[in-house]
Amino acid sequence: MDDFERHGIGVVAGRDACARALRSPELTSDPGGGSPSVLLRDGDGHTRVRGVLREIIAGLEPLPAPVVAGIEAVVGGLGSSFDLVRGFARPVAGLVTSAVLGVELDDAFLDRLEATTANLDVFGGADRAGQAAAFRLAVQLSRAPAGPGGLTALREAHAAGRLDEDELALNAVVLAHAAYENSLNFLACAGLELATSGPRSVRELVTSVCPARYVLRFGPEGPVAVSLADGLPFGLGRHACPGSGVALAEGEAALTALAEHLDGGCEVGEVEWKTHPVFHGLAKAVVTRSGNR
């Protein structure tokens, strides 16, 4: 909270207070400046862009069988000792993000995606490297050949007049970042919970891990960070996560397979945490199945 206070950002905590804040018509996601991002606007523009994104996400509900098979193949390829981030969470999140976009994604793209803060820098755009990464991704996606999926749907929405040029470019990055970053952080942290504490339901894990800890809102008295860590992992109200169903299905497939892989016990070492004030995640956690040390 000290980080927020230094930047003049108030904090709303406690489930009831946060639920009221997320639903409040007096608090907006729009900081001014006319951002084309669905996350930084309200009103008719937000509703229009969110509708396009929701149609894209609906294409993965239920999670297609080839995607589930791909997730199970990633886990099936894990050895007796592996990093939960690089070996498990990253390839699963990358696979699902590829399915969301309808584009093949390589390691270089995922590296740039991890470097991107896009419109999610709660401190007002201080991360210039992250903004540059977001711009490069927007350019790359604008030139990428795409099959059926989100990128093609965004282009079709633009051709139909539902999105303007800026909305097309930036929301492609927003869609990619949302599909990847939260999944990467959730799957790694949830995998660590399974490895150290045993089986739990995906809904319990989503709530306890809560990979996105705060959302930023603007009101009459200035900006406030609203906590999602008090049992509101997908938010509420008009900005509630439209991809929660896909996230839960992805987690169910990946964590069920991981639990089976770790059946019989394991040991965890070399745990390193990320330090971002908003995104809660692991940088590294090495898991070794029992009997393999």
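Trainee: Why is C241 called partly exposed?

Mentor: In this predicted model, C241 has a relative accessible area of 34%. Partly exposed covers the range between under 20%, which is buried, and over 50%, which is exposed. The value for C241 falls in between, and therefore C241 is called partly exposed.

Trainee: How do you know that C241 is in no disulfide?

Mentor: The nearest cysteine sulfur to that of C241 belongs to C210 and is 11 Å away. A disulfide requires two cysteine sulfur atoms within 2.5 Å, so C241 is in no disulfide.

Trainee: What rules out a bond between C210 and C18?

Mentor: The sulfur of C18 is the closest cysteine sulfur to that of C210, yet the distance is 10 Å, which is too far for a bond. The structure as a whole holds 0 disulfides.

Trainee: Is C210 buried or exposed, and what makes it so?

Mentor: The relative accessible area of C210 is 1%. Buried means under 20%, so C210 is buried.

Trainee: What makes E55 and R162 a salt bridge?

Mentor: The side chains of E55 and R162 meet at 3.0 Å, N to O. The cut-off is 4 Å, so the pair counts as a salt bridge. A search of the whole structure finds 11 salt bridges.

Trainee: Why is this pair said to link distant parts of the chain?

Mentor: E55 lies in helix 3 (residues 43–58), whereas R162 lies in the loop between helix 8 (150–159) and helix 9, and the two residues are 107 residues apart. As to accessibility, E55 is partly exposed at 49%, and R162 is partly exposed at 32%.

Trainee: How do you know that D107 forms a salt bridge with R90?

Mentor: The closest N and O atoms of D107 and R90 are 3.5 Å apart. This value is within 4 Å, so the pair meets the criterion. D107 is in helix 6 (residues 107–114) and R90 is in helix 5, 17 residues apart.

Trainee: Which of the words buried and exposed applies to D107, and which to R90?

Mentor: D107 has a relative accessible area of 52%; exposed means over 50%, so D107 is exposed. R90 has a relative accessible area of 4%; buried means under 20%, so R90 is buried. R90 and D107 also belong, with D111 and E114, to a network of salt bridges.

Trainee: What makes K284 and E270 a link between two strands?

Mentor: The side chains of K284 and E270 meet in a salt bridge of 3.0 Å, N to O. K284 lies in strand 6 and E270 in strand 5, so parts that are 14 residues apart in sequence are tied together. K284 is partly exposed, at 26% relative accessibility.

Trainee: How do you know that strand 5 and strand 6 pair?

Mentor: Strand 5 (residues 266–273) and strand 6 share 6 bridges in the antiparallel sense. Pairing requires at least two bridges, so the strands count as paired. Within this pairing, E267 has T288 of strand 6 as its bridge partner.

Trainee: What holds for strand 2 and strand 6?

Mentor: Strand 2 (residues 81–83) and strand 6 (residues 282–289) pair over 3 bridges, again in the antiparallel sense. V287 in strand 6 is the bridge partner of F82, and D83 stands opposite V286.

Trainee: Why are strand 2 and strand 5 called edge strands?

Mentor: The open sheet has 3 strands in the order 2-6-5. Strand 2 and strand 5 each pair on one side only, and this makes them the edge strands. The twist averages 10 degrees from one strand to the next. Helix 5 (residues 84–101) packs on the sheet and touches strand 2 and strand 6.

Trainee: Which residues have the most contacts inside the largest nonpolar core?

Mentor: They are F88, L154, F186, L255 and L258, in a core of 70 residues. Helix 9 (residues 165–197) gives the most to this core, with 17 residues.

Trainee: Helix 9 also holds E181; why is E181 called buried?

Mentor: The relative accessible area of E181 is 7%. This is under 20%, so E181 is buried.

Definitions and conventions. Residues are numbered from 1 along each chain as its sequence is written. This is a predicted model: local features need pLDDT of at least 70, side-chain atom pairs count only at pLDDT 80 or more; totals for chains, interfaces and linings use all residues. Side-chain values use heavy atoms; hydrogens and water are left out. Helices (H or I, at least four residues) and strands (E, at least two) are DSSP runs, numbered from the N terminus. A nonpolar core is a set of buried Ala, Val, Leu, Ile, Met, Phe, Trp, Tyr and Cys residues joined through side-chain atoms within 4.5 Å. Buried means under 20% relative accessible area, exposed over 50%, partly exposed in between (1.4 Å probe, protein chains only). Axes are lines fitted to C-alpha atoms, for helices over the stretch in contact, and angles run from 0 to 180 degrees between N-to-C directions. Contact means heavy atoms within 4.5 Å.
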